[in-house]
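Please open the structure in your viewer and keep the sequence beside it. The tour below goes stop by stop, saying what to select and what is there.

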Amino acid sequence: MGGPPPAQPADAALSQLARLEAAVTRLGRLPWLEVPVPDEPLQVVRHRIQAAARCPESALADGQVGQIDADLAELEHQVTDRLTAMIHAPGWDPGWRSGAFEQVEDEAVACPQCSRPTATRLLLRHVVSPQLHLQTLQCHRCGDIWWTTEPGPRTVDLSGPVDVLGRRGEPALIERTVANHGAHPLRGSVGCAFRRRRNLGMPGGSVQRLVLRPGESKAFRVAIPLAPDRTPADTHSVCVVGLFAGTLVTSLVMLQLA
Ligand SMILES: [Zn+2]
């Protein structure tokens, strides 16, 4: 007696297809940020979503919807892999050099790194493609803490210390926590690389696939081997990027090598 009627299979399939369509649309905007998203595979995924939406019940029953989800995650993995290679050389940044964004919000907040009231959360909107946003938290003392393409509360984030100490000749340990704050499972990939350090002979990056249940957090851990004779004692910037359902999240690490 009472309670809402059970969800129909077609409703469940259509909701999942709507989330996939939204993810494909978000992914399709990322080339504005010089993220290397290939057009053709993205169109193939979109056509499969359209076909599945015509007969949602059977698309769910024969596993098509799950397969589209898996294939989209694989496409995001390839994009993350290419982006990680770009970070290593010639270099990539989350968009701070673009002149096409306008600031639409700013809010003074406490810095999650140093706890001082010296941070600002900014929301930027792309003037030419106004659905594309960049949100960032920056501290006067610590620098860039995070970037995301989500305009509102973050459903996925990467967190961890900005300043990390390392020693030449020992692997550089890069660790982030990846959290899914949303109501749906997330599949995607996280990668990291030294920014613009291929010219110094420093090793390339690493990419991992991740699946996160709603509310789940997982660790992303990478040990990058550093040859003592080829690695200058200096501060090296490491860019960590995550791509989940078309949302790009970025976290920066300043590795001080002694
Ligand atoms: Zn700070």
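## A loop between two strands

Begin by selecting Pro-130, which sits in the loop that runs between strand 2 (119-126) and strand 3 (133-139). Keep in mind throughout that this is a predicted model. Is Pro-130 buried or exposed? Pro-130 is exposed, because 10 other C-beta atoms lie within 10 Å, and a residue counts as exposed with 12 or fewer. Now add Asp-163 to the selection: Asp-163 and Pro-130 are 33 residues apart along the chain, and their C-alpha atoms are separated by 33 Å.

## The whole chain

Next, zoom out and show the chain as a cartoon, where four helices and twelve strands make up the secondary structure. The radius of gyration is 20 Å, close to the 18 Å that the globule rule gives for 258 residues, so the chain is as compact as a globular protein of that length. Taken along the principal axes, the box filled by the C-alpha atoms comes to roughly 65 × 40 × 40 Å. Of the 258 residues in the chain, 37% are buried. Among the contacts between residues at least 6 apart in sequence, 65% join residues that are at least 24 apart.

## Helix 1 against helix 2

Two packed helices are described by the angle between their axes and by the distance between those axes. Select helix 1 (residues 9-29) together with helix 2 (residues 39-54), which pack at an angle of about 160° with their axes 10 Å apart. That angle makes helix 1 roughly antiparallel to helix 2, and the crossing of helix 1 with helix 2 is left-handed. To see where they meet, show the side chains of Leu-14, Leu-17, Leu-20, Glu-21, Val-24, Leu-27 and Gly-28 in helix 1, and those of Leu-42, Val-45, Arg-46, Ile-49, Ala-52 and Ala-53 in helix 2. Sorted by class, the residues of this contact of helix 1 with helix 2 are ten nonpolar, one polar and two charged.

Before leaving this pair, select Glu-34, which is found in the loop between helix 1 and helix 2. Glu-34 has a phi near 65°, a positive value in a residue other than glycine. Glu-34 counts as partly exposed, because it has 14 C-beta neighbours inside 10 Å.

## Helix 2 against helix 4

Keep helix 2 selected and add helix 4, and you will find the two packed at an angle of about 165°, with their axes 10 Å apart. Helix 2 is therefore roughly antiparallel to helix 4, and the crossing of helix 2 and helix 4 is left-handed. The contact is made by Pro-41, Val-45, Arg-48, Ile-49 and Ala-52 of helix 2 with Gln-64, Val-65, Ile-68, Asp-71, Leu-72 and Leu-75 of helix 4. By class, this contact of helix 2 with helix 4 has eight nonpolar, one polar and two charged residues.

## Backbone details in two loops

Most residues other than glycine have a negative phi, and most peptide bonds are trans. Select Pro-90, in the loop between helix 4 (64-88) and strand 1 (101-109); the peptide bond from Ala-89 to Pro-90 is cis, with omega near 5°. Finally, move to Arg-196, which lies in the loop between strand 8 (186-194) and strand 9 (206-212). Arg-196 has a phi near 50°, which is positive in a residue other than glycine. With 18 C-beta neighbours inside 10 Å, Arg-196 counts as partly exposed.

Key. Residues are numbered from 1 along each chain as its sequence is written. This is a predicted model: local features need pLDDT of at least 70, side-chain atom pairs count only at pLDDT 80 or more; totals for chains, interfaces and linings use all residues. A residue is buried if 20 or more other C-beta atoms lie within 10 Å of its own, exposed if 12 or fewer, and partly exposed in between; C-beta atoms are placed from the backbone. Axes are lines fitted to C-alpha atoms, for helices over the stretch in contact, and angles run from 0 to 180 degrees between N-to-C directions. Angles under 35 degrees count as roughly parallel, over 145 as roughly antiparallel, 65 to 115 as roughly perpendicular and the rest as oblique. A crossing is left-handed if the near helix is turned anticlockwise from the far one by less than a right angle, and right-handed if clockwise. Two residues are in contact if their C-beta atoms, placed from the backbone, lie within 7 Å. Ala, Val, Leu, Ile, Met, Phe, Trp, Tyr, Cys and Pro count as nonpolar, Asp, Glu, Lys and Arg as charged, and the others, Gly among them, as polar. The radius of gyration is taken over C-alpha atoms; the globule rule is 2.2 Å times the number of residues to the power 0.38.
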